[in-house]
Amino acid sequence: ALRNMKDAIAAIDPQYAGCQQQDAYEFLGCLLEGLEEGFGALFRGVSDDRPGPSADVIRAICGVTSLTRRECHCCSGCFEVDRVTDTALRLPLLSPAAQFDPALREREEGTPISLQELLDASRQPESIEGYDCDACRARSAQHGEAHVRSNITQHAGVLAETRDVVVVVLYRFAHALDAAGNFKPTKVNRQVACPTELNLESKSYRLFGVVSHLGTSLSSGHYVAAVRSRRDDAWYECDDERVTPLSLKALYDGRAVTAVRPGAEPYILFYHRNAVAEANAGETPQADLAAELVAKVSTVAAPAVAAAAVAPVMGTATFFDAVGAVMDGDAAVGADDAPAEIATAVAPADAATSSAAGTQGEAALVDVVVAEVAVEVAGTVEESAAPSAVIGEVTEVAGGAGGAG
């Protein structure tokens, strides 16, 4: 199947026919362009009286619409220009000035930065003098006055709309001045903290893929991909024909990721919309609660146990059962157990939990298990406390987890 896809891409662009090294983002662009053309042909009506759907099918899935907003200091008008929809959000890792200043480039490249900081930097306002404002010109003509150019504040790269999938490209390949004053292609090795949960405007996104580049130059190197499986919600690394599980803890506990393996700099990030997080806006998201609990579990249990317990069942009652089993030192759960074995081994940890499950339903079971974790990890409830005290404590410790079971 992959060989057939490569042949199909080569039919669109002959440079992919051989085995030469190619840029991953350029390949992605060619792939998306080919898919767009294919969808257009597939959905095109067979006759004039049977029209197909509108164009830009790919952009309807992973389109990022941006615009430039300008504010006139003279008439106080605010207007938008240059509205475009692209298939990726491209972020430079260095400031424009760093391309002309080797010392500044060295300082910036050696300073870690977050994805959010890159987003903010791309939208920094700039002042423009002597702008020909249409509104000011019209007002001057209306009053018979000479038109005077004004100063404006321009905000470029304003995100107007994102779709279900967001592709973020970190510009690691750029041009910089060398010692002789000539521009030369170079790789930017700046460390970027990539969040596993990304908020853009009013939408929430969850990381599901990372393409990374290993190597120090543009002319050589190797690409690897990290992918979160939809089957078991676990992460896997794809390195040519080798596919292996990833045990990087940050991928599971909600922290930002700087690299999926040593020496591999993230290049292309893939996020998909997290509708559950958006629906729970204003409440304590269960994913956040789960991440907090996993962090607590990891303080007393081997990280492999905690990661294995949470990976396949994040956001479900079974996850809390697994956490409870790990905290109770269940002998059936070990660091080497597969996720399926853990899910099978976990069970209500004590009689109080079983009673809650039988009389109050699954939501109560989740509450009690969370309370047990809080008891054992944080020590917030005395071991001799009555069950009612334990259940009451969960309101403070776990927030609104009961409704998410």
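**Exercise 1. Count the disulfides in this predicted model, and work out how Cys-74 and Cys-136 fit that count.**

*Solution.*

Step 1. Start with the cut-off: a disulfide needs two cysteine sulfur atoms within 2.5 Å.

Step 2. Try Cys-74. The nearest cysteine sulfur belongs to Cys-136 and is 4.0 Å away, so Cys-74 is in no disulfide by the 2.5 Å cut-off.

Step 3. Now turn to Cys-136. Its closest cysteine sulfur is in Cys-72, and because the distance is 3.6 Å, the two are too far apart for a bond.

Step 4. The count therefore comes to zero disulfides under the 2.5 Å rule.

**Exercise 2. Decide for Cys-74 and for Cys-136 whether the residue is buried, partly exposed or exposed.**

*Solution.*

Step 1. Recall the limits: buried is under 20% relative accessible area, exposed is over 50%, and partly exposed lies in between.

Step 2. Cys-74 has 44% relative accessibility, so this residue counts as partly exposed.

Step 3. Cys-136 has 3%, so that residue counts as buried.

**Exercise 3. Describe the largest pocket: its volume, its lining and the elements that contribute to that lining.**

*Solution.*

Step 1. Take the volume, which is about 1,700 Å³.

Step 2. Look at the lining of 44 residues; Ala-24, Phe-27, Val-211, Tyr-223 and Ala-225 lie nearest the centre of the pocket.

Step 3. Find the elements giving two or more residues: helices H1 (2-12) and H2 (24-43), together with strands S12 (203-214), S13 (222-228), S14 (235-239) and S16 (264-273). Strand S13 gives the most, with seven residues.

Step 4. Finish with the chemistry: the lining divides into 21 nonpolar, 14 polar and nine charged residues.

Definitions and conventions
Residues numbered from 1 in each chain as written. Predicted model: local features only at pLDDT ≥ 70, side-chain atom pairs only at ≥ 80, totals over all residues. Heavy atoms only, no water. 1 Å grid on protein atoms, 1.4 Å probe; cavity = no way out; pocket = protein on both sides within 12 Å on 5 of 7 lines; lining within 4 Å. Points joined across faces, edges and corners; volume = space filled by probe spheres on them. Helix = DSSP H or I, 4+ residues; strand = E, 2+ residues; numbered from the N terminus. Nonpolar A, V, L, I, M, F, W, Y, C, P; charged D, E, K, R; others polar. Buried < 20%, exposed > 50% of the residue type's maximum accessible area, 1.4 Å probe, protein only.
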